[in-house]
Amino acid sequence: MTKPPSKKPRPIGLSHDSDAPARSRPRTARDPQQPQLPFDPMPTRIEPCLALLKLTPPTGPEWAFEVKWDGYRLAVHIEPSGIRIISRGGHDWTNRFPAIAKAAKTLAVATAILDGEGVVLDDEGRSDFSALQQSLGGRGGNLSSNAAVFYAFDLLYFDGHDLTGMEQSARRHLLEDLLKDEAGVIRLSEEIEADGDVLFASACEHGLEGIIAKHRDRPYRSGRHGDWLKIKCVQSDSFIVVGYEPSIVNPAAVGSLLLAAQQGPDLVYVGSVGTGFTDAIAADLKRTLDRLKTKTPPVPVKGKSIVFSQPTLIVEIEYRAWTGDGKLRHPSYKGLREVQDNAAIYQIKDQ
């Protein structure tokens, strides 16, 4: 018999008995000649663990569930020399998230690597990718976002110890203790006590992007191995822009973007998107794509007014399904992806 979620899948704090900050125990004594050396060398960067897409949540007590946040994957490094915020692609984004960096300095730990998501929340507490992009000045923008908050969902290095070899449940325990009193810019991404299918239905009902399932007994492994799973309420993936059709109403703006996915080394046309952007964004997209014009079509598409562009811009598209001829059904534009974010282009599987 399934049980309903014990709480609405929204960010709230966990209660703990102890007010003392968590501390890991040293396995060996420090060298008195080098007292500042950590017990485990602190990694410059750890490739992120990526969630594997599934249509339905897994079952069994070995799975833990969280809300899926819609933003930029970030790793917050708390080091003796200061704070570094690293993007999924390995780029230093510390200057783009000054409020998160400032909050990280106040955490009760000398050294740590927090894995999580930088997001901007709407009035209902839901992550809004478009709002996050606007706060950063759009793709290639040079603005710093003080509106972004960081939801931490894993702890990879803590107080001189590399935790990646520990099981998820043990890392989670240390993370909860570290962030138990945090409710500001850095927050804990809560585990939700519920059966996966019921939680997933509740997440969709509340307009969330979906849920994440994590195997409690697995270590932290970089890449997409199935230790983490993502179950989405609405499909959302990254596609390459290969051109546009001008707006009939405003010639200085795009009317729709032409999209392509990857199939092996080749690009395949998957349809166009003409909704989800404001007039200002549509005009900015046209200016950007006009600088990338090409006479050689990246993919075979017919149309009198089509303007082709070099396949360099990556967009995040929300859609409902695929049509029988391999096109996106009811697509909607969510925003441009940063090159440094290392977003994965949708891959069409070979038949």
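**Cavity**

I searched this predicted model for enclosed space and found one cavity of 30 Å³ or more. I noted its volume as about 90 Å³. I then listed the lining, which has 13 residues; Ile46, Pro48, Ala75, Ile86 and Ser87 are the closest to the cavity centre.

I sorted the lining residues by character and got seven nonpolar, two polar and four charged.

Which strands each supply at least two residues of this lining? I found β3 (72-79) and β4 (82-87). I recorded the largest share, four residues, under β3.

**Largest nonpolar core**

I turned to the buried nonpolar residues. I noted 32 residues in the largest core. Which of them have the most contacts inside it? I wrote down Val76, Phe97, Ile100 and Leu155.

I checked which elements each give at least two residues to this core. The strands are β3, β4, β5 (112-119), β6 (149-158) and β8 (186-188). The helices are α1 (98-104), α2 (129-135) and α3 (168-178). I note that β3 and β4 also each supply at least two residues of the cavity lining.

**Val76**

I looked up the neighbours of Val76, leaving out residues up to four places away in sequence. I found contacts with Ile83, Arg84 and Ile85, with Ile100 and Ala104, with Ala112, Ile113 and Leu114, and with Phe150. One of these, Ile100, is itself among the residues with the most contacts inside the core.

**Second core**

I found another core lying apart from the largest one, with 24 residues. I listed Val254, Phe277, Val307 and Leu313 among its members.

Notes. Residues are numbered from 1 along each chain as its sequence is written. This is a predicted model: local features need pLDDT of at least 70, side-chain atom pairs count only at pLDDT 80 or more; totals for chains, interfaces and linings use all residues. Side-chain values use heavy atoms; hydrogens and water are left out. On a 1 Å grid over the protein atoms alone, a cavity is a set of points where a 1.4 Å probe fits but cannot get out, and a pocket is an open set with protein on both sides within 12 Å along at least five of seven lines; lining residues have an atom within 4 Å of a point. Grid points are joined across faces, edges and corners, and a volume is the space filled by probe spheres set on the points. Ala, Val, Leu, Ile, Met, Phe, Trp, Tyr, Cys and Pro count as nonpolar, Asp, Glu, Lys and Arg as charged, and the others, Gly among them, as polar. A nonpolar core is a set of buried Ala, Val, Leu, Ile, Met, Phe, Trp, Tyr and Cys residues joined through side-chain atoms within 4.5 Å. Buried means under 20% relative accessible area, exposed over 50%, partly exposed in between (1.4 Å probe, protein chains only). Contact means heavy atoms within 4.5 Å.
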